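This briefing gathers what can be read from the coordinates about charge pairing, strand pairing and backbone geometry. The points are grouped by topic, so that each can be checked against the structure as it is shown.

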Amino acid sequence: MFGRTRLPLKSSDDIRAMRRAGLVTGSALRASALAARPGMTTQDVDAVAHDHMRERGATPSFLGYHGFPATLCISVNDEVVHGIPGPRVLSEGDVVSLDCGAIVDGWHGDSALTFVVGASDDNPAGAARVAARHAGEDPHLDEAGLIAAAGGDAVRSLVLATEGSMWAGIRALAAGKRLNDVGSQVEAALRTRYAELADFEIVDGYTGHGVGRELHQEPTVYNEAVSERLPKVETGLVVAVEPMVTLGTYETHELDDGWTVKTDDGSLAAHFEHTVAVTERGLWVLTAHDGGRSALGDLYGGLDD
């Protein structure tokens, strides 16, 4: 009863293999975000991701997972996660979260981002800029830069603060520290560093997770501080860090479709996620094109450099 929790750890070769899945996941996510336009249906956007993966020899992680019927989870406005693509037509100003997973050689990647449909290419919450930062091809927004970029706009603040909280959680992943630090740093980012932007709430009951040959595996990665003493981070750990944040309540409900999760008060929600490996060199963001180098600085630890 006093045994130490065993984390599922990956070898360096495993992590390199997961990087291949991560790159396809990231590129499919970016292609879908850039394709999304007012007047398109969410099913149209889903088809972009599906074709992108198939052209690269990958298999969608989500399609058929416990019966899920699509390649992407597409959640719009007050939908938090697990939205099913279908005939819904996107409108200018919609807040859209895309969650994407791909399998390559039996390994999964998992990543998500949120953007404002129809926003101009220079809008930091629009698809072009969000997708470029998520890939590491646009400069990372530090705390001051993020607050300035939000410009006092509530929707833009939601998107950018959720993105920033994800990176705060990722940077807390360090060998020898406990997984508690991830949730504590996500929460601190939203409740302290970005508190001037809005009264953010962290969605209750949804967490990050381990990733590997299964899409979801141990450990649980919380998005807020918890009193439970969580395992220490070790080299070889691969997890998805994925805060889900609202401009209103933390309470949600699932629709009759058995998948789509919505905020109870109709408030807007955002969701960001990356799959991250802890290597002997540092941190490697497997689903970012640059591996996380632009956001992580000295913490970056890719294995292919």
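**Salt bridges and charged side chains**

R88 and E79 are paired in a salt bridge, in which the closest N and O atoms are 3.3 Å apart. The model is a predicted one, and the count of salt bridges in it comes to 10. Side chains of opposite charge can pair when their charged atoms come close.

- In the pair of R88 and E79, the arginine R88 counts as partly exposed, because its relative accessibility is 35%, whereas E79 counts as buried, because its relative accessibility is 11%.
- R133 and E163 also form a salt bridge, with a distance of 2.8 Å from N to O. Since R133 belongs to helix α3 and E163 to helix α5 (residues 154–171), this pair ties together parts that are 30 residues apart in sequence. Both partners, R133 and E163, are buried.
- Between E137 and R30 there is a salt bridge whose closest N and O atoms are 2.4 Å apart. E137 lies in the loop between α3 (127–135) and α4 (143–150), while R30 is in helix α1 (residues 12–35), so the pair ties together parts that are 107 residues apart in sequence.
- E137 counts as partly exposed, because its relative accessibility is 43%, and R30 is likewise partly exposed, with a relative accessible area of 22%.
- A network of salt bridges links D13, R16 and D304.
- The residues D204, E251, D264 and D265 form a negative surface patch. D204 has its place in the loop between β6 (201–202) and β7 (208–210), and D204 counts as partly exposed because its relative accessible area is 45%.

**Strand β14 and its partners**

Strands of a sheet pair through backbone hydrogen bonds, either parallel or antiparallel. The points below follow one strand and the two strands with which it pairs.

- How many residues of strand β14 (residues 274–279) are buried? Six of its six residues are buried, and the strand is therefore described as mostly covered, buried meaning under 20% relative accessible area.
- Both faces of β14 are covered, with H274, V276 and V278 buried on one side and T275, A277 and T279 buried on the other.
- Strand β9 (residues 238–241) pairs with β14 in the antiparallel sense over four bridges, and within this pairing V238 stands opposite A277 in β14.
- Strand β15 (residues 282–285) pairs with β14 over four bridges, again in the antiparallel sense, and V278 of β14 stands opposite L283 in β15.
- The connection from β14 to β15 is a hairpin, which joins these two strands through two residues.

**An open three-stranded sheet**

- Strands β6, β10 and β13 form an open sheet in the order β6-β10-β13, with antiparallel pairing. The edge strands of this sheet are β6 and β13 (269–271), each of which pairs on one side only.
- Strand β10 (residues 244–246) and β13 run antiparallel and are joined by three bridges, and T246 stands opposite A269 in β13.

**Backbone geometry**

- Which peptide bond is cis, with omega near 5°? The bond in question runs from E218 to P219, and P219 has its place in strand β8 (residues 217–221).
- H66, a residue other than glycine, has a positive phi near 50°. H66 is located in the loop between β1 and β2 (72–76), and this residue counts as exposed because its relative accessibility is 67%.
- N77, also a residue other than glycine, has a positive phi near 60°. N77 lies in the loop between β2 and β3 (79–81), and N77 is buried, because its relative accessible area is 17%, where buried means under 20%.

**A loop arginine**

- R56 is found in the loop between α2 (42–55) and β1 (59–60), and R56 counts as partly exposed because its relative accessible area is 43%.
- R56 and A28 are 28 residues apart along the chain, and their C-alpha atoms are separated by 9.8 Å.

Methods
Residues numbered from 1 in each chain as written. Predicted model: local features only at pLDDT ≥ 70, side-chain atom pairs only at ≥ 80, totals over all residues. Heavy atoms only, no water. Patch = residues over 30% accessible without salt bridge, like charges linked within 9 Å, V, L, I, M, F, W, Y side chains within 5 Å. Areas by Shrake-Rupley, 256 points an atom, 1.4 Å probe, with all protein chains shown as cover. Salt bridge = Lys/Arg side-chain N within 4 Å of Asp/Glu carboxyl O. Lys, Arg positive; Asp, Glu negative; His and termini not counted. Charge placed at Lys NZ, Arg CZ, Asp CG, Glu CD. Buried < 20%, exposed > 50% of the residue type's maximum accessible area, 1.4 Å probe, protein only. Pairing = 2+ DSSP bridges.
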